Amino acid sequence: MAGVVERRSIDVVPDEERHGSAVSQFTLWLGANLQITAVVTGALAVVFGANAFWSLIGLLLGNLLGGAVMALHSAQGPRLGLPQMITSRAQFGVRGAVVPLALVIVMYIGFFASGSVLAGQAVGELTHLGETPGIVLFAAVTAVAAAVGYRLIHTLGKIAGLVCALAFVYLGIRLLQRTDLGTLLADHRFGLPVFLLAVSLSASWQLAFGPYVADYSRYLPRHTSARATFWWTLSGSVLGSQWSMTFGALAAAAAPAAFVGHEVSYIVGLGGAGLIASFLYFVIALGKLTINILNTYGGFMSLVTSVSGFRGQHTLTPRGRSAYIAGIMVAGTAVALLGKDSFLTSFKDFLLFLLTFFTPWSAVNLVDYYLISKERYDIPALSDPAGRYGAWNVRALAVYVLGVLAQLPFLATHFYTGPLVAPLGGADISWLVGLAVPAVLYGLTARHDTARTAAPTAPAAPQEDRNPAGSGG
């Protein structure tokens with residue numbers, strides 16, 4: 001990029017504009033996960049019935065499993081130089097990709113809204129304007145930063161990672177001064193349903209990054225090690241999220257009445273008053289600003305990808321870019337203002353609902369990229385409805401729909417519970433079904449698709465670096 005403001009959107013990043021190293025993925029995802037919504041996610045495991053001991057283990061398992069899937073998506077960025085969701089055209093067709101894209105856009109708006117609720121409380125306290133003006137002000141700052149683009153996002157990730165890490169160390173010390181860690185972890189009674197809920201909560205947290213994670217690795221040089229990209233992304237995201245979620249689970253176990261429903265005020269009160277309180281309000285807003293910019297930027301990319309599949313547009317004017325981002329901001333802010341009074345229950349159901357739709361997408365995308373297409377795509381064909389990938393890939397869309405439907409008997413949310421949940425003791429294993437079923441079905445059907453098996457024109461990864469999760473890097 002020639003200047004501070006990014007000028008690329010869904011077009012390929014040319015080699016001469018590539019820069020940075022895979023370590024940038026660690027700092028970005030550490031900063032994106034050291035924030036209050038991840039704290040609330042960890043607390044939910046305790047709020048809905050698990051003890052602290054098994055909550056922490058379940059959350060770690062979910063973060064590792066979901067994080068591995070998310071990091072495999074990240075490794076695609078340097079190879080292709082494209083935003084994540086545009087590669088879905090290779091599986092679903094240039095126009096058929098709008099099906100998962102529409103759901104991704106809903107996800108971005110939902111996460112923007114949930115982040116704005118918590119950050120708005122902090123901004124409202126910090127500025128003395130109140131919660132509603134705080135939400136609106138926070139949303140406006142998010143939109144401006146997202147419009148600047150890639151460089152600012154990574155810079156902010158580095159700053160937020162450092163500042164929020166220091167704040168969480170301090171808050172952890174304060175929490176342990178108020179409660180006995182041994183007492184919190186003394187209860188080892190195991191309940192499978194609530195344990196699996198903890199796993200699902202953290203896995204869904206990680207999997208929800210999948211549709212946009214490559215957006216933030218696509219400027220890395222093409223020769224960047226896929227293993228390095230995978231491991232730096234995984235380590236940053238898992239460390240940041242587990243750190244935040246552990247704090248949330250322990251806080252909810254130590255003081256459920258004080259924490260639940262008053263997350264921002266509890267955290268600030270735990271830290272102290274005066275300047276310390278102001279600093280903590282700032283930290284909460286900074287952490288949420290980082291992740292909300294990712295959500296806004298990802299939503300912008302997905303909207304452009306959806307529209308361009310039908311209009312053929314690949315570049316945007318600054319005015320057009322601002323209009324897309326403003327649309328995400330307005331929608332997310334409206335949802336935040338409407339749902340701020342029932343945040344906790346709504347957010348838990350929202351996370352599990354998202355998981356139902358994004359595990360099949362992840363399964364299809366990863367099987368296609370790594371096993372069927374062998375990390376090679378025909379880049380020009382991704383923009384041509386009459387090309388090798390076609391406008392609509394009915395078989396892939398059918399696999400995706402079957403992957404969603406296969407989860408419904410195993411899904412447990414506030415508004416719907418599948419018939420096989422009760423026989424499993426109330427455990428929700430839908431996300432495991434959502435990964436396995438479409439992965440197998442797509443692998444079987446895609447092998448007979450000549451568009452998938454013919455040699456594409458995109459550059460392949462170096463032979464010695466074809467497995468991003470392998471040893472070394």
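**Exercise 1. Place V394 and classify its exposure: which helix holds V394, and is the residue buried or exposed?**

Step 1. In this predicted model, V394 sits in helix α17, which covers residues 394-407.

Step 2. The relative accessibility of V394 is 61%. Exposed means over 50%. V394 is therefore exposed.

Step 3. Now look at the surface around V394. V394 joins V99, F310 and W392 in a nonpolar surface patch. The patch covers about 390 Å².

**Exercise 2. Describe the largest nonpolar core: how many residues does it have, and which of them have the most contacts inside it?**

Step 1. The largest nonpolar core contains 126 residues.

Step 2. W29 and L294 have the most contacts inside this core.

Step 3. Helix α14, residues 275-311, supplies the largest share of the core, with 15 residues.

Step 4. List the neighbours of W29, leaving out residues up to four places away in sequence. W29 touches M70, F209, Y212, V213, Y216, T233, G236, S237 and L294. L294 is thus one of the residues that W29 touches.

**Exercise 3. Find the salt bridges: how many does the structure hold?**

Step 1. Recall the principle. Side chains of opposite charge can pair when their charged atoms come close.

Step 2. The structure holds three salt bridges. Take them one by one.

Step 3. D15 pairs with R222, at 2.9 Å from N to O. D15 lies in the segment before α1 (23-33), and R222 lies in the loop between α10 (192-207) and α11 (226-254), so this bridge ties together parts 207 residues apart in sequence.

Step 4. R189 pairs with D187. Their closest N and O atoms are 2.8 Å apart.

Step 5. D378 pairs with R388, with the closest N and O atoms 3.1 Å apart. Both D378 and R388 lie in the loop between α16 (343-372) and α17, 10 residues apart.

**Exercise 4. Sort the salt-bridge residues by exposure: is D378 buried or exposed, and is R189 buried or exposed?**

Step 1. Apply the cut-offs: buried is under 20% relative accessible area, exposed is over 50%, and partly exposed is in between.

Step 2. D378 has 13%, so D378 is buried. Its partner R388 has 26% and is partly exposed.

Step 3. R189 has 65%, so R189 is exposed. Its partner D187 has 26% and is partly exposed.

Step 4. Finish with the remaining pair. D15 has 46% and is partly exposed. R222 has 27% and also counts as partly exposed.

Notes
Residues are numbered from 1 along each chain as its sequence is written. This is a predicted model: local features need pLDDT of at least 70, side-chain atom pairs count only at pLDDT 80 or more; totals for chains, interfaces and linings use all residues. Side-chain values use heavy atoms; hydrogens and water are left out. Patches are made of residues with over 30% relative accessible area and no salt bridge: like charges are joined within 9 Å, nonpolar side chains (Val, Leu, Ile, Met, Phe, Trp, Tyr) within 5 Å. Accessible areas come from the Shrake-Rupley method with a 1.4 Å probe; for residues, only the protein chains shown count as cover. A salt bridge is a side-chain nitrogen of Lys or Arg within 4 Å of a carboxyl oxygen of Asp or Glu. Helices (H or I, at least four residues) and strands (E, at least two) are DSSP runs, numbered from the N terminus. Buried means under 20% relative accessible area, exposed over 50%, partly exposed in between (1.4 Å probe, protein chains only). A nonpolar core is a set of buried Ala, Val, Leu, Ile, Met, Phe, Trp, Tyr and Cys residues joined through side-chain atoms within 4.5 Å. Contact means heavy atoms within 4.5 Å.
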